[in-house]
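Subject: Handing over the structure

Dear colleague,

I am passing this structure on to you, and below it you will find my notes on what turned up in it. Please read them with the structure open beside you.

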Amino acid sequence: MAVDRTPVLKRCRSLGIEPAVMGLDKKSNRNVRAGRKLSEYGVQLKEKQKAKFIYGVLEKPFRNNFARAEKMKYGTTGENLMILLELRLDNVIFRLGYARTRKEARQIVDHKHVLVNGKTVNIPSYQVKVGDVIEIKEKHKGGQRYKDILEVTDSRLVPAWLEADHENLSGVVKEIPTREQIDVPVNEVLIVELYSK
C-alpha cells in the first residue's frame, strides 16, 4: 500500500495550509519565503495536491472520485467532488471528533473499531449515506485512547450535517453537506479546470 511519508507540517507549509485544517494545534510559521510565481497549471495542480493531502487520498482514488463527481446528476462537478471526499468514513470519524487527525481516523477504521449501522466497516474510503449511524465498537468505548481523543477534540465544532453523541461515541449523518458547510481551503473550480485539460 502506498503511503505519503512527508512530514505533515512541512507539507502544510509548502501547500500554504494552516495546520489546524489537518487537526493539528501547531501554529504555522508565517515567515515562509515567497516562492516562484506559479503558472496557471501550477496553481491548479497545487489545489489538487492540497485536496489530496487534506483528505489523505492518493492519485488514483482521487481521480475515481472526480469521475464519480462528473457523472452525478445534480450540482457542479467541483462541489460534488468535495462532498464525496467529505462523506468518506475516515473523514466523518474525524468530523465527529473521534480522532484528532484524519490519519488517526483512518487508522481507527483500519483497526475495525467502527460500526456503520451495526456492521463493522474497515474501509476508510467507505461512502456514508444520509441516515447512517456511525459508532465506535462497545469494547473500545471505555478505552483510554478515546478519553484522550475527546479531551483534545471536545472543543471542535461538529458540522451541522452531522449529529454527534460524545457520551456514547456515536453519530448520525443527518444530511448531505453543502459546499458552504465544508470548511476546507480548496478552490475546487481549479481542480475541475486541471482535469478538463
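**Residues with positive phi**

At 43% relative accessibility, Asn117 counts as partly exposed, a class that lies between buried (under 20% relative accessible area) and exposed (over 50%), with a 1.4 Å probe and protein chains only. The model is a predicted one, in which local features need pLDDT of at least 70 and side-chain atom pairs count only at pLDDT 80 or more, while totals for chains, interfaces and linings use all residues. Residues are numbered from 1 along each chain as its sequence is written, and side-chain values use heavy atoms, with hydrogens and water left out.

Asn117 sits in the loop between strand 1 and strand 2 (119–120), where helices (H or I, at least four residues) and strands (E, at least two) are DSSP runs numbered from the N terminus. Its phi is near 50°, which is a positive value in a residue other than glycine. Lys112, which is likewise not a glycine, has a positive phi of about 60°, and its place is in the loop between helix 6 and strand 1 (114–116). With a relative accessibility of 43%, Lys112 counts as partly exposed.

**Two helix pairs**

Two packed helices are described by the angle between their axes and the distance between the axes. Axes here are lines fitted to C-alpha atoms, for helices over the stretch in contact, and angles run from 0 to 180 degrees between N-to-C directions.

Helix 2 (residues 40–55) packs with helix 9 (residues 188–195) at an angle of about 115°, their axes being 8 Å apart. The two helices are therefore roughly perpendicular to each other, a term that covers angles of 65 to 115 degrees. Helix 2 passes helix 9 in a left-handed crossing, meaning that the near helix is turned anticlockwise from the far one by less than a right angle, whereas clockwise would make it right-handed. On the side of helix 2, the residues that meet helix 9 are Tyr41, Val43, Gln44, Leu45, Glu47, Lys48 and Ala51, and their partners in helix 9 are Leu190, Ile191, Glu193, Leu194 and Tyr195, with contact meaning heavy atoms within 4.5 Å. The residues of this contact divide into eight nonpolar, one polar and three charged, where Ala, Val, Leu, Ile, Met, Phe, Trp, Tyr, Cys and Pro count as nonpolar, Asp, Glu, Lys and Arg as charged, and the others, Gly among them, as polar.

For helix 5 (residues 89–96) and helix 6 (residues 102–110), the axes come within 8 Å and cross at roughly 115°, and this crossing is right-handed. Leu89, Asp90, Asn91, Ile93, Phe94 and Arg95 in helix 5 are met by Arg102, Ala105, Arg106 and Val109 in helix 6. Here the division is five nonpolar, one polar and four charged residues.

**Core and covered helix**

The largest nonpolar core (a set of buried Ala, Val, Leu, Ile, Met, Phe, Trp, Tyr and Cys residues joined through side-chain atoms within 4.5 Å) has 46 residues, and those with the most contacts inside it are Tyr55, Phe62, Leu89, Ile93, Val114 and Ile134. If neighbours within four places in sequence are left aside, Ile93 is in contact with Tyr98, Ala99, Ala105, Val109, Val114 and Ile134.

Helix 4 (residues 77–86) is mostly covered, since eight of its ten residues are buried, among them Leu81, Met82 and Ile83. What covers these buried residues includes helix 2, helix 3 (59–71), helix 5 and helix 9.

**Further residues**

Tyr195, found in helix 9, counts as buried at 16% relative accessibility. Neighbours within four places in sequence aside, Tyr195 is in contact with Lys48, Glu59, Phe62, Arg63 and Phe66. Val189, also in helix 9, is partly exposed, with a relative accessible area of 45%.

Val172 belongs to strand 5 (residues 170–173) and, at 28% relative accessibility, counts as partly exposed. The C-alpha atoms of Val172 and Val133 are separated by 4.6 Å, although the two residues are 39 residues apart along the chain. Glu175, in the loop between strand 5 and helix 9, touches Val130, Ala160, Trp161 and Gln181, not counting residues up to four places away in sequence.

With kind regards

How values were computed. Angles under 35 degrees count as roughly parallel, over 145 as roughly antiparallel, 65 to 115 as roughly perpendicular and the rest as oblique.
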